[in-house]
Amino acid sequence: MMEHKHRFELLKQLQEVDFVLIELNLFLDTHPGDMNALQQFNWYAQERARIAASYEQQYGPLTNFGHSLNQYPCGWDEGPWPWEI
């Protein structure tokens, strides 16, 4: 049960960081010279990569089509996939 809680927590963190990245992306579209926003965007992009790597190392790929690495023992037939949770 604890494993599922941790898995859900990592997915929640990814959703939160993705939301911030989308908002910062939209802001930077209209304010490309805002260095503070750009620094925030880069920090959250690195944070997203860290969280995603942690998730994938423990539970398998987050996405398909070669955007995520897959490693043994996490295989194609294991689930649930993130979009199934």
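This report describes the helices, core and salt bridges of a predicted protein model.

## Overall make-up

The protein has 85 residues, and 27% of them count as buried. Its secondary structure consists of 2 helices and 0 strands. Helix 1 covers residues 2–30 and helix 2 covers residues 35–59.

About 6,400 Å² of the protein is exposed, and 58% of that area is supplied by carbon and sulfur atoms. Contacts between residues at least 6 apart in sequence can be sorted by how far they reach along the chain. Of these contacts, 48% join residues at least 24 apart.

## The nonpolar core

The largest nonpolar core is made of 10 residues. Leu-10, Leu-11, Leu-14, Val-17 and Leu-21 belong to it, together with Ile-51, Ala-52, Tyr-55, Tyr-59 and Leu-62. Two elements, helix 1 and helix 2, each give two or more residues to this core. Helix 1 provides the largest share, which is 5 residues.

Ile-51, one of the core residues, shows how the set is joined at one point. When neighbours within four places in sequence are left aside, Ile-51 is in contact with Leu-10, Gln-13, Leu-14 and Val-17. Among these partners, Leu-10, Leu-14 and Val-17 are also listed in the core.

## A salt bridge between the helices

Side chains of opposite charge can pair when their charged atoms come close. The count for this protein is 3 salt bridges.

One of them joins Asp-18 and Arg-48, whose closest N and O atoms are 2.5 Å apart. Asp-18 is in helix 1 and Arg-48 is in helix 2, so this pair ties together parts that lie 30 residues apart in sequence. Both ends are partly exposed: Asp-18 has a relative accessibility of 26%, and Arg-48 has a relative accessible area of 28%.

## Salt bridges within a helix

In helix 1, the side chains of Glu-16 and Lys-12 form a salt bridge with an N to O distance of 3.3 Å. These residues are 4 apart in the helix, which means that about one helical turn separates them. Glu-16 is partly exposed at 41% relative accessible area, and Lys-12 also counts as partly exposed, at 44%.

Helix 2 holds another pair, Arg-50 and Glu-47, which are 3 residues apart and so separated by about one helical turn. Their side chains meet in a salt bridge at 2.6 Å, N to O. The two residues fall into separate exposure classes. Arg-50 is partly exposed, with a relative accessible area of 47%. Glu-47 has a relative accessibility of 18% and therefore counts as buried, since the cut-off for that class is under 20%.

## Asn-42 and Leu-21

Asn-42 is a residue of helix 2. Its relative accessible area is 39%, so Asn-42 is partly exposed. Along the chain, Asn-42 and Leu-21 are 21 residues apart, and their C-alpha atoms are separated by 8.9 Å. Leu-21 is itself a member of the largest nonpolar core.

## Summary of the links

Several of the features above concern both helices. The largest nonpolar core takes two or more residues from helix 1 and from helix 2. The salt bridge of Asp-18 with Arg-48 also has one residue in each of these helices.

Technical notes
Residues are numbered from 1 along each chain as its sequence is written. This is a predicted model: local features need pLDDT of at least 70, side-chain atom pairs count only at pLDDT 80 or more; totals for chains, interfaces and linings use all residues. Side-chain values use heavy atoms; hydrogens and water are left out. Buried means under 20% relative accessible area, exposed over 50%, partly exposed in between (1.4 Å probe, protein chains only). Contact means heavy atoms within 4.5 Å. Accessible areas come from the Shrake-Rupley method with a 1.4 Å probe; for residues, only the protein chains shown count as cover. A nonpolar core is a set of buried Ala, Val, Leu, Ile, Met, Phe, Trp, Tyr and Cys residues joined through side-chain atoms within 4.5 Å. A salt bridge is a side-chain nitrogen of Lys or Arg within 4 Å of a carboxyl oxygen of Asp or Glu.
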